[in-house]
Every structure is written in structure tokens, then in C-alpha cells.
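Dear colleague,

Please find the structure below, handed over for your use. A summary of what was found in it follows.

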Amino acid sequence: AYILRELTPPTPQPPNDILLSNALIAPGAGSGAVLGTLSALDPNSGDTVVISLGDAAAFPDTALFQVTGHELRLAGPAGPSGRTYQVRLRATDSTSLMYEETIALVVQPALGPTALALSATTVQATAPAGAVVGTLASEDTTVGDAHTYALVPGDGATDNARFLVQGAELRLAAPLGPTGGTLSLRVRTTDLAGLSFDQVIVLAVLDGAV
């Protein structure tokens, strides 16, 4: 007769996998840009694992990155679109057992934003100077891209002077007063690669009685 026993793996064991939440780099990303979140798998339940950069001598691309906490970041500007980096990462557990893995990261093609929207469709006529009208947001197929916003001249920019942009917020430059009707402004979103998209935004003005 044979007795089947479940074999318990010896402990402690080293980590056995390193995971990165995103392996795509936005074109134009600069030093310090967060690329993704790092995590590690360890057979020892509850063990603490620290992730760091691995052997940069054998994998020279590794020196172009940095690990801050659980984030993988760029240590310099991203290369041209299509460039692939081989990054060596190391996971070290609480007993100093280590595991290393090479992860490939690719710089995405330079594709510009495709749409721009404001979170509001109205503005109060009695709002003071500096009041936040709404938040601007961009649509962009590039993973991890970032955008800046600006009021620009052109069609639909009739009332640009009444507003200002701070970060992603559209604010009033001065009290509107009894304007009535609607206001039109033209806003541009620009991504890390310098590609842009313009959008005309029309806001309905609400008087103090609304």
C-alpha cells in the first residue's frame, strides 16, 4: 500500500516572479516619469519583498531607470518611438534570498490627443475672479501620457480673455457681470510628445437667480 503525502516546500524560499503593471513608455516622457507599479510573488506567505534594479553591467538599459518604492520610473528622457529597453529587476525577501528578471519596455508611437472636454457646461455670472469653472480632461490612446492646457486664439476664442487655465482647471479671470447668453473659448491640450488638439467650448451663463 502507498500513502500519498502532500510535500510542503522547504522554507524560506526566494521570490519567483516580478510583475510590472505597465510596460509601455509615453513618447516624450521625462526623467522621473512613473511607468508602472512593481510587485513580486513569493512562495512564503506574508514575506516582505523589496524590488530594486538588478545587474546594470549585463543589462546596460537598467541604468536608464530607477525604482522608487513600488514604482518604476525613468531616470532620463524617453528615447525615440519604437525603442525597446531591457531592464533587469531584482526582488529580495526578508531572508535576503533574491530573484532577478528581465522586463522589456517599449516607447510607444507618438499619437496625439483626440478629444478634450470640460467637466462643466455652465458658469455662474456672480462667481468671483479665480473661481473654478470646471476641470479639463483629454482623450489619448497613448498609455501613461500627460497633458498641459492653454487658451489659444482661433475660431471660437471670442471670450478667452474672460478665463485663465491653471493646471487642468479652467478659472474665471474676472467676475463676468451681466453678460447673459453663452461664452465661447478655445482650449488646446498638448501631450508629452508636443502633439496637440484644439477644442471650442461653449458655456451657458447662469444669472444669480438660478
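**Findings**

In this predicted model, Val34 belongs to strand 3, which comprises residues 34–41. Val34 is partly exposed, as its relative accessible area is 42%. Beyond its neighbours within four places in sequence, Val34 makes contact with Glu71, Leu72 and Arg73. Leu24 precedes or follows at a separation of ten residues in sequence from Val34, and the C-alpha atoms of the two are 11 Å apart in space.

Strand 3 also takes part in an open sheet of four strands, ordered 1-3-6-5 and paired in the antiparallel sense. Strand 1 (17–20) and strand 5 (65–68) stand at the edges; each has a single partner strand, so one side of each lacks a neighbour in the sheet. On average, neighbouring strands of this sheet are turned by 30° against each other, direction ignored. The antiparallel pairing of strand 1 with strand 3 extends over four bridges. Leu20 has Leu38, in strand 3, as its bridge partner.

A second residue to note is Arg186, located in strand 15 (residues 182–191). Arg186 has a relative accessible area of 19% and is therefore buried, the cut-off being under 20%. A polar atom of the Arg186 side chain lies 2.8 Å from the backbone oxygen of Asp155. When residues up to four places away in sequence are not counted, Arg186 touches, among others, Ala150, Leu151, Val152, Pro153, Gly154, Asp155, Gly156 and Ala157. Asn160, Asp198, Gln199 and Val200 are also touched by Arg186.

Yours sincerely

Terms used
Residues numbered from 1 in each chain as written. Predicted model: local features only at pLDDT ≥ 70, side-chain atom pairs only at ≥ 80, totals over all residues. Heavy atoms only, no water. Helix = DSSP H or I, 4+ residues; strand = E, 2+ residues; numbered from the N terminus. Buried < 20%, exposed > 50% of the residue type's maximum accessible area, 1.4 Å probe, protein only. Contact = heavy atoms within 4.5 Å. Polar contact = N/O pair within 3.5 Å; in protein donor to acceptor, adjacent residues only side chain to side chain. Pairing = 2+ DSSP bridges. Axes fitted to C-alpha atoms, helices over the stretch in contact; angles between N-to-C directions.
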